[in-house]
Amino acid sequence: MAPHDSEVVEEAMVTLQENKPISTIVIIIAMQTEALPLVNKFQLSEDPDSPFPKGVPWVRYYGMYKDLQINIIWPGKDAVLGVDSVGTISASLVTYASVLALKPDLIINAGTAGGFKAKGACIGDVFVASGVAFHDRRIPIPVFDQYGIGCRKTCPTPNLLKELNLKVGNLSTGDSLDMSPHDEASIVANDATVKDMEGAAIAYVAELLSVPTIFVKAVTDIVDGDKPTAEEFLQNLVAVTAALDQKVTQVVDFISGKCLSDL
């Protein structure tokens, strides 16, 4: 096949994907507190025959909601410490395994995040990420530096944003809850409004496997505010999770019956 022919085939496949009704969604959520309200809302069941490798703590909740096969994937609890398996490593692993096992038409990464008042974020705001990048992968060598940052655009959703009146901003990802001066400089360079611990890792895997992805993030703490991040996060987690779950439900309701090109 000539190079030109392969490009034509690839373009045709992309067009087909964009105009095919969305039927299977994977929602990746890092914390059980964030996941369970949506499990109940969509009336999902825990999969007793997990499609994941034996021994991993990852949990799949699944079921039909309207005309959508919904899969909520939670990385589970750390086997030794019993805490939620947050961070980029767990997120990238479960994303890869979920795409291979479930072959979703769309991924939604939903979760809480820190927000920056300098960019207009307030506690309880829910953002859809327009772009994602890392802020803690510093590789000061030409080209490797850009690889480390890993800037990626997200799945365009102009109609969804307009219909639901959602806020939009860049998302920056790192494996620490706090923010070092180096991280802060990178976050500013990334022009980020919100920061989390999973998004850019999920985006990396989703791009590798050609699965469009939407990032829905609710602000639990103001990173550039006066209160300690951990204290503010824990104080607001339950209330902000309720706001997140409401918006994710609205997003899923909007997606139902549509194609990617309708979003």
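This report describes side-chain contacts, a surface patch and some backbone angles in a predicted model.

## Salt bridges

Side chains of opposite charge can pair when their charged atoms come close. In this model, a search of the whole structure finds nine salt bridges. Three of the pairs are listed below, each with the distance between nitrogen and oxygen.

| Salt bridge | N to O distance |
|---|---|
| R60 and D47 | 2.8 Å |
| K167 and D125 | 3.0 Å |
| R152 and E207 | 3.0 Å |

In the salt bridge between R60 and D47, R60 belongs to strand β3, residues 59-65, while D47 belongs to the loop between β2 (45-46) and β3, so the pair ties together parts that are 13 residues apart in sequence. Are these two residues buried or exposed? R60 has a relative accessibility of 13% and counts as buried. D47 counts as buried as well, at 12% relative accessibility.

The salt bridge between K167 and D125 joins strand β8 (residues 167-173), where K167 lies, to the loop between β5 (106-115) and β6 (126-134), where D125 lies; the pair therefore ties together parts that are 42 residues apart in sequence. K167 is partly exposed, with a relative accessibility of 36%. D125, by contrast, is buried at 13%.

For the salt bridge formed by R152 and E207, the partners come from distant parts of the chain: R152 is in strand β7 (residues 152-153) and E207 is in helix α7, 55 residues apart. R152 counts as buried, since its relative accessibility is 15% and the buried class covers values under 20%.

## Aromatic rings and charges above them

How many aromatic pairs does a search of the whole structure find? The search gives two. One of them is formed by F52 and W58, whose ring centres are 5.6 Å apart and whose planes meet at 75°, an edge-to-face arrangement. Both F52 and W58 are buried.

Rings also take part in contacts with a charged side chain. The charged end of R137 sits over the ring of F134, at a distance of 4.1 Å from the ring centre. R137 also lies over the face of Y147, 5.2 Å from the centre of that ring.

## A nonpolar patch on the surface

Y147 appears again in a nonpolar patch on the surface, which is formed by I141, F144, Y147, Y204 and L208. Together, these residues have about 520 Å² of accessible area. Which elements give two or more residues to the patch? They are α4 (144-149) and α7 (199-208). F144 is found in helix α4. With a relative accessible area of 49%, F144 is partly exposed. Helix α7 also holds E207, the partner of R152 in the salt bridge described above.

## Cysteines

A search of the whole structure finds zero disulfides. Why does C155 have no such bond? The closest cysteine sulfur to that of C155 belongs to C259 and is 12 Å away, which is too far for a bond, because a disulfide requires the two sulfur atoms to be within 2.5 Å. C155 is buried, with a relative accessible area of 14%. C122 is partly exposed, at 43% relative accessibility.

## Loop residues and backbone angles

Most residues other than glycine have a negative phi, and most peptide bonds are trans. Two loop residues in this model have a positive phi. The phi of K103 is near 50°. K103 is placed in the loop between α3 (88-102) and β5, and is exposed, with a relative accessible area of 61%. The phi of S210 is near 60°, also a positive value in a residue other than glycine. S210 is in the loop between α7 and β10 (213-222), and counts as exposed at 55% relative accessibility.

A further loop residue is R138, located between β6 and α4. R138 counts as partly exposed, at 46% relative accessibility. How far apart in space are R138 and V219? Their C-alpha atoms are separated by 26 Å, while in sequence the two residues are 81 residues apart.

Note on methods. Residues numbered from 1 in each chain as written. Predicted model: local features only at pLDDT ≥ 70, side-chain atom pairs only at ≥ 80, totals over all residues. Heavy atoms only, no water. Phe/Tyr/Trp six-rings, centres within 6.5 Å; stacked < 30°, edge-to-face > 60°. Buried < 20%, exposed > 50% of the residue type's maximum accessible area, 1.4 Å probe, protein only. Lys NZ or Arg CZ within 6 Å of the ring centre and 35° of its normal. Patch = residues over 30% accessible without salt bridge, like charges linked within 9 Å, V, L, I, M, F, W, Y side chains within 5 Å. Areas by Shrake-Rupley, 256 points an atom, 1.4 Å probe, with all protein chains shown as cover. Salt bridge = Lys/Arg side-chain N within 4 Å of Asp/Glu carboxyl O. Helix = DSSP H or I, 4+ residues; strand = E, 2+ residues; numbered from the N terminus.
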